[in-house]
Amino acid sequence: MNIETTSISKTRADFRTTVLAYLEVTKPRSVVLLVFTALATMVVAGAINGPISTFQFVAAIAAVTLACAGANAVSCYIDRDLDASMIRTRKRPIPDGRINPPVRALYWGLFLFVSSLILGWTVNPIAFACLWGGMIGYVGIYSLWLKRRSSWNIILGGFSGGLPALFGWTAVTGKVDLLPLLIAALVVLWIPNHIWSLAIFYRDDYARVKVPMLPVVCEAKKALHCLLSTVILMVLFSILIYFAGSWGTVYLMTAILTGLSAIGLSTYVYLRPTPQNAWLLFKFSSPYLFLLFLGMMADAWL
Ligand code: HEM
Ligand SMILES: CC(C)=CCC/C(C)=C/CC/C(C)=C/COP(=O)(O)OP(=O)(O)O
């Protein structure tokens with residue numbers, strides 16, 4: 001009896017470990033914020049163009065979630081050699097053997113992405129195209145082509161990060177307008193401070209695996225100067241968006257308050273460029289973007 005009970009509990013534990021590994025390989029924290037940007041633009045577009053059916057809403061949210069998750073899982077397969085070598089990533093499911101053989105992560109990512117395309121097609125062709133654009137941009141242009149070759153990898157490959165926001169708008173309206181393009185561009189402008197702050201903290205890690213993130217290939221002051229410049233541009237852009245849409249005061253106040261915080265923190269990191277301060281800026285970057293998009297949703301609701 002004991003042996004049987006032990007083997008059942010071991011099987012259950014192994015199953016749980018496997019399920020969690022296939023969840024972790026999709027980088028769920030990033031998927032949550034990526035999907036939130038899509039949800040926010042769906043709410044804003046719905047307030048302007050009229051709401052969509054519950055089925056379309058659920059299909060759209062499911063599609064963008066599966067697409068981002070799938071793209072991340074494929075990226076983990078592509079970067080499995082880097083992940084095994086970097087301190088920050090070596091405990092991920094592929095390097096630590098929880099997904100073995102590694103190709104299973106590729107199949108899992110492609111399965112998720114194809115599932116997203118099927119759902120995306122039921123929404124509309126433009127939204128469907130956004131899913132393709134995100135996958136090609138992140139996996140093709142960033143992960144496969146630029147990440148290991150260019151210090152401008154996140155600038156040229158970063159547009160994929162704005163596509164979930166664009167997807168949300170097109171899922172509701174079936175077309176691309178200036179406002180969603182500006183909102184998507186805001187996400188793209190957010191990416192440098194999001195990743196360069198992290199790259200300053202993990203500078204040695206990136207240098208060891210020869211990933212030419214800007215803070216690795218240029219001296220610290222220049223990287224910090226670029227980072228601060230992109231933050232100022234991002235904040236100005238977030239306020240420009242206020243004038244491009246029919247927003248209320250909630251979004252404007254959010255953009256101003258979070259923007260001043262972002263500039264203040266980035267200036268502090270510029271003046272005191274310790275790894276700990278850079279890490280603080282990295283951890284601030286996601287709540288910043290979340291609050292901005294929450295402000296957009298609040299104004300659409302109110
Ligand atoms: C080319 C574009 C991007 C690059 C290179 C990038 C890179 C990274 C890296 C290296 C991490 C740390 C992962 C870890 O160590 O666990 C990270 C975390 C994260 N990323 Fe990005 N990212 C990009 C775009 C985005 C976008 C567009 C979003 C959402 C709109 C996003 C949301 C997040 C979130 C929420 C986290 C977790 C943050 C935390 O732990 O506090 N990322 N990203
Ligand atoms: C519509 C659609 C599919 C859009 C794609 C959006 C998307 C998945 C953007 C990537 C976000 C992200 C967490 C990148 C990690 O970069 P990295 O691989 O350099 O991070 P790492 O070093 O932690 O692996």
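**Exercise 1. Which helices each supply at least two residues of the shell around ligand 2?** Work out what surrounds the ligand, and keep in mind that this is a predicted model.

*Solution.*
- Step 1: start with the helices. Helix 2 (28-49), helix 3 (54-78) and helix 6 (125-146) each put at least two residues into the shell around ligand 2.
- Step 2: pick out the main contributor. That's helix 6, which gives the most to this shell, with five residues.
- Step 3: list the neighbours. Ligand 2 has 17 residues around it, and the closest are Lys27, Arg88, Arg92, Tyr138 and Tyr142.
- Step 4: sort the shell by class. You get seven nonpolar, five polar and five charged residues around ligand 2.
- Step 5: look at the polar contacts. An N or O atom in the side chain of arginine 92 sits 2.6 Å from an oxygen atom of ligand 2. For tyrosine 142, a polar side-chain atom is 2.6 Å from a ligand 2 oxygen, and for tyrosine 138 the distance to an oxygen atom of ligand 2 is 2.8 Å.
- Step 6: check the cover. On its own, ligand 2 exposes 630 Å², and the protein buries 88% of that.

**Exercise 2. Find the residues that come nearest to ligand 1, then describe its shell.**

*Solution.*
- Step 1: count and name. There are 21 residues around ligand 1, with Arg29, Arg88, His194, Leu198 and Lys283 coming nearest.
- Step 2: go through the polar contacts one by one. The side chain of arginine 88 has an N or O atom 2.9 Å from an oxygen atom of ligand 1. Lysine 283 likewise places a side-chain N or O atom 2.9 Å from a ligand 1 oxygen. With histidine 194, the partner is a nitrogen atom of ligand 1, 2.9 Å from a polar side-chain atom.
- Step 3: trace the shell back to its elements. Helix 2, helix 9 and helix 14 (275-301) are the ones giving two or more residues to the shell around ligand 1. Helix 9 has the largest share, six residues.
- Step 4: sort by class. The shell around ligand 1 has twelve nonpolar, five polar and four charged residues.
- Step 5: spot the link to Exercise 1. Arg88 is among the nearest residues to ligand 1, and Arg88 is also listed with the closest ones to ligand 2.

**Exercise 3. Hunt down some unusual backbone geometry, and say where it sits.**

*Solution.*
- Step 1: recall the background. Most residues other than glycine have a negative phi, and most peptide bonds are trans.
- Step 2: find the cis bond. Asparagine 100 and proline 101 are joined by a cis peptide bond, with omega about 0°. Proline 101 belongs to the loop between helix 4 (80-85) and helix 5 (103-123).
- Step 3: look for positive phi. Lysine 27 isn't a glycine, yet its phi is about 55°; this lysine 27 lies in the loop between helix 1 (2-24) and helix 2. Lysine 210 isn't a glycine either, and its phi is about 60°.
- Step 4: place lysine 210. Look in the loop between helix 10 (203-208) and helix 11 (214-217). Lysine 210 counts as exposed because its relative accessibility is 66%, above the 50% cut-off.

**Exercise 4. How many salt bridges are there?** Then compare the settings of three pairs.

*Solution.*
- Step 1: get the total. The count comes to nine salt bridges.
- Step 2: take aspartate 14 and lysine 10. Their closest N and O atoms are 2.7 Å apart. The two are four residues apart in helix 1, so about one helical turn separates aspartate 14 from lysine 10.
- Step 3: take aspartate 83 and arginine 92, whose closest N and O atoms are 3.3 Å apart. Aspartate 83 counts as buried, at 5% relative accessibility, whereas arginine 92 counts as partly exposed at 21%. Arginine 92 also has the 2.6 Å contact with an oxygen atom of ligand 2.
- Step 4: take lysine 175 and aspartate 177, with an N to O distance of 3.4 Å. Lysine 175 is partly exposed at 41%, and aspartate 177 is partly exposed at 23%.
- Step 5: add the network. Salt bridges link Asp79, Asp81, Lys147 and Arg148.

**Exercise 5. Which residues make the nonpolar surface patch of about 220 Å²?**

*Solution.*
- Step 1: name them. The patch is made by Ile126, Val176 and Leu181.
- Step 2: locate valine 176. Its place is the loop between helix 8 (163-173) and helix 9 (178-201).
- Step 3: check accessibility. Valine 176 has a relative accessible area of 40%, so this residue is partly exposed. That is over the 30% a patch residue needs.

Terms used:
Residues numbered from 1 in each chain as written. Chains lettered and ligands numbered in written order. Predicted model: local features only at pLDDT ≥ 70, side-chain atom pairs only at ≥ 80, totals over all residues. Heavy atoms only, no water. Near = heavy atom within 4 Å. Polar contact = N/O pair within 3.5 Å; in protein donor to acceptor, adjacent residues only side chain to side chain. Areas by Shrake-Rupley, 256 points an atom, 1.4 Å probe, with all protein chains shown as cover. Nonpolar A, V, L, I, M, F, W, Y, C, P; charged D, E, K, R; others polar. Patch = residues over 30% accessible without salt bridge, like charges linked within 9 Å, V, L, I, M, F, W, Y side chains within 5 Å. Salt bridge = Lys/Arg side-chain N within 4 Å of Asp/Glu carboxyl O. Buried < 20%, exposed > 50% of the residue type's maximum accessible area, 1.4 Å probe, protein only.
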